[in-house]
There are 2 protein chains.
Amino acid sequence: MQNSEALALAAALLAAAGDLTQRINDGVVSRGFEARPAWGFAFARLAPDGATVTELAAHLGVTKQAASQLVDEIVRKGYAERRPHPADARARLVVLTERGWACTRAAEEAAAEAVREWTDVLGEGEVRALRERLGRIAPYGPIRPAW
Amino acid sequence: MQNSEALALAAALLAAAGDLTQRINDGVVSRGFEARPAWGFAFARLAPDGATVTELAAHLGVTKQAASQLVDEIVRKGYAERRPHPADARARLVVLTERGWACTRAAEEAAAEAVREWTDVLGEGEVRALRERLGRIAPYGPIRPAW
DNA sequence: CGACATGGTCAAGCAGCTTGACTATATGGC
DNA sequence: GCCATATAGTCAAGCTGCTTGACCATGTCG
């Protein structure tokens, strides 16, 4: 593979990621929620059982302060709430509210809608293969900003 | 495809894009250049024959002022220079210097190196197919930030 | 030639992140 | 039981990269 091909792959990857992110965000907004794309990663971490600010920060790859600000915002807008941590009086458990869950479902619907357009172009098997291959080359650990 | 699958695809795409971007940037830095990931898109537009600030802004999807700041920086660091535009006295043509070209080549090498690791996992044909499919679903036009 | 469009810059402001300092609680050695 | 140290979280200040708004110089077209 030529060097310039590799750069083109990077560009295509970023373009696809940006496009999909934009579409998901638009879809979420059109369903009556306001959300910044970065929230998706926060919600994904909060979804199962909640998380502390520090855990969230590690997951997002930012400082505790930045994570705390993000939590401030989603709490202020009613998507999550801070509760006392059951086992550690220093910590506070951030959990999604019902509205937060609704927003998460909206994001899933929007994502499915966006991916459906890809399915129309590539076919379902190809899209599934795409997802599987991406998963193999970039395990989904802590988030690193795309640039 | 289930809704949650679609979100997982988006996450995998962003993770892969972020990972690749990070690796390319690291590779460029280790070759003795300092570059911010966003520069890649600027350099790509400047590479053939130069571009005006306005063209660059449109390509990057930001304001003229932001593009101008970016140009200030890469000029200050010796990667490009502003020349009078041959056909329009209002405009100034931003062109890469020899150092700019060297940095571009370093980015291509770094990208090739990063993609090579993927090739080891997926095989060359798969990676090529990945690039081709990504190209089909997200034509590489103006850049939209990933989030 | 004059009216408007376009390329570019200057200035101010804002959002999201950082580092640094601090308080409150937890943990482990003695 | 107590103290030293580590950890969860917040407050405050600052930086960077973007934005909007205003402006000048040049081009284009009636």
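Mentor: A residue is near a molecule or strand if one of its heavy atoms lies within 4 Å of it.

Trainee: Where does this structure come from, and how are things labelled?
Mentor: This is a predicted model, in which local features need pLDDT of at least 70 and side-chain atom pairs count only at pLDDT 80 or more, while totals for chains, interfaces and linings use all residues. Residues are numbered from 1 along each chain as its sequence is written, chains are lettered from A and ligands numbered from 1 in the order in which they are written, and side-chain values use heavy atoms, leaving out hydrogens and water.

Trainee: Which residues are closest to DNA strand D?
Mentor: They are A:Lys64, A:Ser68, A:Arg90, B:Thr63 and B:Gln65, out of 19 that surround the strand.

Trainee: Which part of strand D is within 4 Å of the protein, sugar or phosphate, or bases?
Mentor: Both: 54% of those atoms belong to sugar or phosphate, and the rest to bases.

Trainee: What does A:Lys64 reach on strand D?
Mentor: An N or O atom in the A:Lys64 side chain is 2.4 Å from a base nitrogen of DNA strand D. A polar contact is a pair of N or O atoms within 3.5 Å.

Trainee: And A:Thr54?
Mentor: There a backbone N or O atom lies 2.8 Å from a phosphate oxygen of strand D.

Trainee: Switching to DNA strand C, how far is B:Arg90 from a base oxygen?
Mentor: A polar side-chain atom of B:Arg90 lies 2.7 Å from that oxygen. For A:Arg36, a polar side-chain atom lies 3.2 Å from a phosphate oxygen of strand C.

Methods. Polar contact = N/O pair within 3.5 Å; in protein donor to acceptor, adjacent residues only side chain to side chain.
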